[in-house]
Amino acid sequence: VTYARGCLDYIKQFIQPVFSDAEYAQIISAINEVKLKKGVVTDLKHRQHVKELVALKENIKQCSRCGSDMVVRETKRGEDKGKQFWGCSSFPKCRSVEKFN
């Protein structure tokens with residue numbers, strides 16, 4: 001989301017059309033050709049796909065601090081060198097760690 005005031009002047013400077021009306025109509029028809037057709041089968045496939053995505057997201061461990069995905073990392077030095085732990089994927093912004101079971 002952006003404030004439109006700064007963008008309006010930039011957009012208004014472009015006065016020369018890029019596409020003619022015929023080219024515009026051709027582009028719209030090409031887009032409509034590849035769109036999925038509305039119907040029960042398409043709706044069911046979409047719902048199934050969304051359920052699969054939700055199930056995949058539920059299996060991913062989330063960071064307790066920032067909500068990003070946690071990834072398995074390995075200690076590189078110290079007493080626990082070579083041991084695995086859960087680290088936040090947004091490191092170094094978030095430095096949350098948890099023990100790996």
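How many nonpolar, polar and charged residues does the lining of the largest pocket have? Before I answer, please note that this is a predicted model, in which local features need pLDDT of at least 70, side-chain atom pairs count only at pLDDT 80 or more, and totals for chains, interfaces and linings use all residues. Residues are numbered from 1 along each chain as its sequence is written, and side-chain values use heavy atoms, with hydrogens and water left out.

The lining has 5 nonpolar, 3 polar and 4 charged residues, where Ala, Val, Leu, Ile, Met, Phe, Trp, Tyr, Cys and Pro count as nonpolar, Asp, Glu, Lys and Arg as charged, and the others, Gly among them, as polar. Among the lining residues are R73, F85, C88 and C94. Strand β2 (84–88) and strand β1 (70–74) each supply at least two of them, and β2 gives the most, with 3 residues. Strands here are DSSP runs of E, at least two residues; helices are runs of H or I, at least four.

I turn now to the cysteines. A disulfide is a pair of cysteine sulfur atoms within 2.5 Å, and by this rule the count is 0. The closest cysteine sulfur to that of C63 belongs to C94, and at 3.7 Å it is too far for a bond. C63 counts as buried (under 20% relative accessible area, 1.4 Å probe, protein chains only) because its relative accessibility is 5%. C7, at 31%, is partly exposed, which lies between buried and exposed, the latter being over 50%.

Finally, helix α3 covers residues 40–59. Of its 20 residues, 0 are buried, so α3 is hardly covered.

How values were computed
On a 1 Å grid over the protein atoms alone, a cavity is a set of points where a 1.4 Å probe fits but cannot get out, and a pocket is an open set with protein on both sides within 12 Å along at least five of seven lines; lining residues have an atom within 4 Å of a point. The expected span of a helix is 1.5 Å times one less than its number of residues.
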